[in-house]
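Good morning, and thank you for the time on today's agenda. I would like to take you through one model, beginning with its sheet and ending with its pockets.

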Amino acid sequence: MNPLDQLIEALRTLPGVGPKSAQRMAYHLLQRDRVGAARLGQSVSQALERLKHCSRCNTFTEVEVCERCSSPQRDASLLCVVEMPADLAIMEQTHSYQGMYYVLMGRISPLDGVGPRELNLEKLMARASDGVVREVILATNFTNEGEATAHYVGEVLRARGVKVSRIARGVPVGGELEHTDIGTLAQAMVERRSM
């Protein structure tokens with residue numbers, strides 16, 4: 001495969017990018033923004049080389065335990081479970097939550113071949129049952145997959161005697177946290193309910 005085709009195929013790995021979009025991006029980078037293309041390649045290389053998962057919350061970081069998990073200012077008795085790092089970022093922008101997080105790096109989606117085993121839930125279960133966590137707040141998206149994930153995780157945690165709550169609706173059904181306005185998300189966190 002020639003370098004142009006390799007670039008197009010590489011761009012197609014991005015979510016929502018089909019063959020025509022990937023082709024347009026490749027031509028743009030090669031013809032109009034070679035400096036941007038070089039910066040993009042270098043940034044991807046550095047990220048792959050330097051970033052790893054935080055041993056506590058599972059988000060991306062350069063160190064063993066991320067800055068958020070290391071902070072004595074955070075409430076270690078609260079653990080908010082989100083699907084992706086983008087969801088954690090938007091939750092932080094609300095300034096309505098000062099607890100800890102756990103990032104699943106996905107959601108249960110049988111049609112995509114993702115079950116509880118693929119999400120490595122054992123690490124979450126160990127963290128939630130460590131004796132420090134008093135409440136786990138499930139903040140998965142209000143999609144079918146997010147709801148299934150929240151239900152499954154909630155059932156397993158409750159069976160272990162852990163208090164579980166779910167962020168309140170207010171986030172539109174079918175909506176994703178990353179695309180929800182900050183006020184709605186803050187209200188959903190304040191009005192969370194037990195499961």
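Before turning to the strands, one convention: two strands are said to pair if DSSP finds at least two bridges between them. By that convention β6 and β7 pair, in the antiparallel sense, over 2 bridges. At this contact, arginine 166 stands opposite arginine 193 in β7. Please keep in mind throughout that this is a predicted model.

Let me now give the overall picture. The protein has 195 residues, of which 38% are buried. Its secondary structure consists of 8 helices and 7 strands. Taken along the principal axes, the C-alpha atoms fill a box of roughly 55 × 35 × 35 Å.

I turn to the sheet. In what order do the 5 strands of the open sheet lie? The order is β4-β3-β5-β6-β7, and the pairing is mixed. The edge strands are β4 and β7, residues 193–194, each of which pairs on one side only.

Let us walk across from the β4 edge. Strand β4 comprises residues 99–103, and 5 of its 5 residues are buried, so this strand is largely enclosed by the rest of the structure. β4 runs parallel to β3, with 5 bridges joining the two. Within this pairing, leucine 79 has methionine 100 in β4 as its bridge partner. The connection between these strands is also of interest: β3, helix α5 (residues 85–93) and β4 make a right-handed β-α-β unit.

β3 itself is mostly covered, with 6 of its 8 residues buried. This strand spans residues 75–82 and is joined by 4 bridges to β5, in a parallel arrangement. Leucine 78 stands opposite glutamate 135 in β5.

Which residues of β5 point one way, and which the other? In this strand, residues 135–138, Glu135 and Ile137 point one way, while Val136 and Leu138 point the other way. This matches what is expected in general: side chains in a regular strand alternate between the two faces of the sheet. In β5, all four of the residues just named are buried, Glu135 included.

Continuing across, β5 is joined to strand β6, residues 163–166, by 4 bridges, and these two strands run parallel. Here leucine 138 has arginine 166 in β6 as its bridge partner. A second β-α-β unit appears at this point: β5, helix α7 (residues 144–159) and β6 form it, and it is right-handed. Arginine 166 is thus the bridge partner of leucine 138 and also stands opposite arginine 193 in β7.

Next, the annotations. An unreviewed UniProt entry places "domain: Toprim" at residues 77–172. Over that range the chain is 34% helix and 20% strand, and the end C-alpha atoms are 28 Å apart. The UniProt record, again unreviewed, also gives "zinc finger region: C4-type" at residues 54–69. Over residues 54–69 the chain is 19% helix and 12% strand, with the end C-alpha atoms 8 Å apart.

Finally, the pockets. The largest pocket holds about 290 Å³ of space. Among the residues that line it are Pro3, Leu7, Leu14, Leu29, Leu40 and Val44. Three elements each give two or more residues to this lining: α1 (3–11), α2 (19–31) and α3 (34–50). By class, the lining has 10 nonpolar residues, 2 polar residues and no charged residues.

The second largest pocket has a volume of about 160 Å³. What is the make-up of its lining by class? The lining divides into 1 nonpolar, 2 polar and 5 charged residues. The residues in question are Glu83, Met84, Asp87, Gly106, Arg107, Asn141, Glu176 and Glu178.

To close, I would ask you to retain two points. The open sheet of 5 strands has mixed pairing, with β6 and β7 pairing in the antiparallel sense. The lining of the largest pocket has no charged residues, whereas that of the second largest pocket has 5. Thank you for your attention.

Key: Residues numbered from 1 in each chain as written. Predicted model: local features only at pLDDT ≥ 70, side-chain atom pairs only at ≥ 80, totals over all residues. Heavy atoms only, no water. UniProt positions renumbered as here; feature names shortened; annotations may be inferred. 1 Å grid on protein atoms, 1.4 Å probe; cavity = no way out; pocket = protein on both sides within 12 Å on 5 of 7 lines; lining within 4 Å. Points joined across faces, edges and corners; volume = space filled by probe spheres on them. Nonpolar A, V, L, I, M, F, W, Y, C, P; charged D, E, K, R; others polar. Buried < 20%, exposed > 50% of the residue type's maximum accessible area, 1.4 Å probe, protein only. Right-handed = clockwise from strand over helix to strand, strands pointing away.
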